[in-house]
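Open the model in a viewer and keep the selection tool at hand. The stops below go from one aromatic residue outward, then on to a sheet.

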Amino acid sequence: MPLGGSILIADRDGNIVARLPHPEQLVGKNMRKSHEAIMDGDKTGWEEARGVDGITRIFGYVPPALPPYDLFLSAGLSKTDAFADIVRATTRGITLIGAGLLVAMFAAWFGGRSFIRRPIRDLLRVTDDWRIGNYAARAHTWDSSTEVGALAGAFNDMADAVATRQAATEGRHSSQPL
């Protein structure tokens, strides 16, 4: 019998004939008063209740009106023991969900820094360089298939076009006679 389990046999009147564990504490005592409704029933069942020893258990029972006639039979398992596997599985599931959440948060943070924040910071650096007159500054393009990469590529194309126009304009001005 598992730890926290119990087996009880009582006669039709509710006198306990056998009980495991600790038969010496309960054999000969009457249980009818606290279990009258299920003892007088005509179908098997289960219930969560405090047993004759005061421990809350989940009991399966057969009333005296069913075979083996004139005996009340019950077997129970403490609620803690009955749900131990479920509690362990739930705890394990919550732990895995928490770990997955932490990994997802780290991946989002790392991905955000690597694929969004760093490239945009680079674009801002290049615009600052252009504002102070460094027209040779260009943005790094790691992956032109992303929006930020496409933006960096477009910025570099624009910078190249401006540099080409500027060179052409300076060439025209230098070739004119004074």
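In this predicted model, begin by selecting Trp 130, which counts as buried because its relative accessibility is 14%, below the 20% cut-off.

Add Tyr 135 next. The rings of Trp 130 and Tyr 135 form an edge-to-face pair, with centres 5.1 Å apart and 80° between the planes. Is Tyr 135 buried or partly exposed? At 39% relative accessibility, Tyr 135 is partly exposed.

Now show Phe 155 together with Trp 130. These two rings are also paired edge-to-face, at 6.1 Å centre to centre and with 70° between the planes. The contact links distant parts of the chain: Trp 130 belongs to helix α4 (residues 84-131) and Phe 155 to helix α5 (residues 147-175), 25 residues apart. Phe 155 counts as buried, with a relative accessibility of 14%.

For another group of rings, select Phe 106, Trp 109 and Phe 110, which ring pairs link into a cluster. The whole structure holds 5 aromatic pairs.

Move on to strand β5 (residues 71-78) and show its side chains, which alternate between two faces. Phe 72, Ser 74, Gly 76 and Ser 78 point to one face and are buried; Leu 71, Leu 73, Ala 75 and Leu 77 point to the other and are not buried.

Which strands should be added beside β5? Strand β1 (residues 5-11) runs antiparallel to β5 and is joined to β5 by 7 bridges; here Ile 9 stands opposite Leu 73. Strand β4 (residues 56-62) also pairs with β5 in the antiparallel sense, over 6 bridges, and Tyr 61 has Ser 74 as its bridge partner in β5.

How values were computed
Residues numbered from 1 in each chain as written. Heavy atoms only, no water. Buried < 20%, exposed > 50% of the residue type's maximum accessible area, 1.4 Å probe, protein only. Helix = DSSP H or I, 4+ residues; strand = E, 2+ residues; numbered from the N terminus. Pairing = 2+ DSSP bridges. Phe/Tyr/Trp six-rings, centres within 6.5 Å; stacked < 30°, edge-to-face > 60°.
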